[in-house]
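Biologist: I'm new to this one, so could you pick a single side chain, look at it closely, and then work outwards from there?

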Amino acid sequence: MTLRATLIWAGLLAVVSIPLIVAARSPLLEWREPIYIAAGFAGILGLVLLLVQPLLILGALPGIPARRVHAWVGAGLVFVVVVHVVGLWITSPPDVVDVLLFRSPTPFAIWGAMAMWAVFAAALLAAVRKSIGLRVWRLAHTIATSVVVIGTVIHVWQIEGTMGDLSKTAICVLVLGTILWAIGKRRAWLVLRR
C-alpha cells in the first residue's frame with residue numbers, strides 16, 4: 001500500500017471513529033437501556049456510512065472494488081436504519097408510530113423519518129436500476145440520496161445527544177461536503193438536458 005493510500009485510510013478511520021468514541025464516553029448513556037444505546041449507535045453508524053458512500057462511488061478510497069463495496073455499504077445502511085428504528089420502537093412504540101406517520105411534535109423526528117424513507121427509496125432504486133435505465137436511475141438515486149443526507153444531517157444536528165457538538169458538527173460538515181463533491185463530479189442533472 002502506498003503512503004497516500006495509507007494516509008487516506010488512516011484519515012477515514014480517525015474521522016469515523018471520533019463520533020463513536022465520543023458517544024461511547026457520553027454521560028448521557030449512564031441510565032439508558034441497552035436496546036436504546038444500541039439504537040443510538042446504529043444511528044451514528046448510519047451517519048458514518050453516509051460519509052463513506054460518496055467516497056466509494058467517486059473511487060476516492062484506494063485498494064478496494066469501490067462499486068461492489070458501495071452496494072454492500074448501501075445494504076448496511078438500510079440495516080442500521082432498521083436497527084435504529086426498531087430499537088427506538090422497542091423502547092417507545094407510540095413515539096415511533098407518530099414519527100413514521102409524520103405526526104411527531106419534535107422536528108428532528110420528522111427529518112429522521114424523511115431520511116429513513118429516502119434510504120429505502122434509494123435502496124429500491126438500486127435494486128431496479130437495470131430496468132429503469134441508467135440515466136433516469138442516476139438522477140433519481142441522486143435525488144433520493146440527497147434527501148437522505150440533508151434529512152439525516154438536520155435530524156442529527158437538532159438532537160442534543162451523545163456525540164457532542166464538536167464531533168457532530170465535524171461529521172455533518174464532512175458528510176455534506178462529500179455528497180456535494182460526488183454530485184458535482186457525477187453531474188446526474190445533465191440527464192434533464194437530453
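Modeller: Let's start with L56, which counts as buried because its relative accessibility is 2% (buried is under 20% relative accessible area, exposed is over 50%, and partly exposed is in between, using a 1.4 Å probe and protein chains only). L56 belongs to helix 2; helices here are DSSP runs of H or I with at least four residues, strands are runs of E with at least two, and both are numbered from the N terminus. From L56 to A71 is 15 residues along the chain, and their C-alpha atoms are 9.6 Å apart.

Before going further, a word on what you're looking at. This is a predicted model, with pLDDT of at least 70 needed for local features and 80 or more for side-chain atom pairs, while totals for chains, interfaces and linings use all residues. Numbering runs from 1 along each chain as its sequence is written, and side-chain values use heavy atoms, leaving out hydrogens and water.

Stepping back, the protein has eight helices and zero strands, so reading along the sequence you just get α-α-α-α-α-α-α-α. Of its 194 residues, 35% are buried like L56. The C-alpha trace spans about 50 × 45 × 25 Å along its principal axes. The radius of gyration is 17 Å, which agrees with the value near 16 Å for a compact globule of 194 residues (the radius is taken over C-alpha atoms, and the rule is 2.2 Å times the number of residues to the power 0.38).

Helix 2 also has a part in something on the outside. I35, Y36, V82, V86, W89, I90, V97 and L101 make up a nonpolar patch on the surface, with about 660 Å² of accessible area together. Helix 2 (34-57) and helix 3 (66-91) are the elements that each give two or more residues to that patch, and helix 3 has the largest share, with four. Patch members have over 30% relative accessible area and no salt bridge; nonpolar side chains (Val, Leu, Ile, Met, Phe, Trp, Tyr) are joined within 5 Å, and like charges within 9 Å. The areas come from the Shrake-Rupley method with a 1.4 Å probe, and for residues only the protein chains shown count as cover. One of the patch residues, W89, sits in helix 3 and is partly exposed, because its relative accessibility is 44%.

Another patch member, Y36, has company: the charged end of R32 sits over its ring, 4.2 Å from the centre. For that label, NZ of Lys or CZ of Arg has to be within 6 Å of the ring centre and within 35 degrees of the ring normal. K168 does something similar, lying over the face of W157 at 5.3 Å from the ring centre.

K168 is worth a second glance. With a relative accessible area of 4%, K168 is buried, and this lysine also forms a salt bridge with D165, their closest N and O atoms being 4.0 Å apart (a side-chain nitrogen of Lys or Arg within 4 Å of a carboxyl oxygen of Asp or Glu). Both residues lie in helix 8, three residues apart, or about one turn. The structure holds two salt bridges. In one of them, R103 meets D98 at 2.7 Å, N to O, and D98 is partly exposed, with a relative accessible area of 22%.

Between helix 4 (93-100) and helix 5 there's a loop that contains F102. Most residues other than glycine have a negative phi. F102, though, has a positive phi, near 60°. At 40% relative accessibility, F102 is partly exposed.

Finally, helix 5 itself. A search of the whole structure finds one aromatic pair. That pair is W117 and F120, edge-to-face, with 5.8 Å centre to centre and 80° between the planes. Rings of Phe, Tyr and Trp (its six-membered ring) pair when their centres lie within 6.5 Å; planes under 30 degrees apart are stacked, over 60 edge-to-face, and the rest tilted. W117 and F120 are three residues apart in helix 5 (residues 107-127), so about one helical turn separates them. Each is partly exposed: W117 at 41% relative accessibility, F120 with a relative accessible area of 26%.
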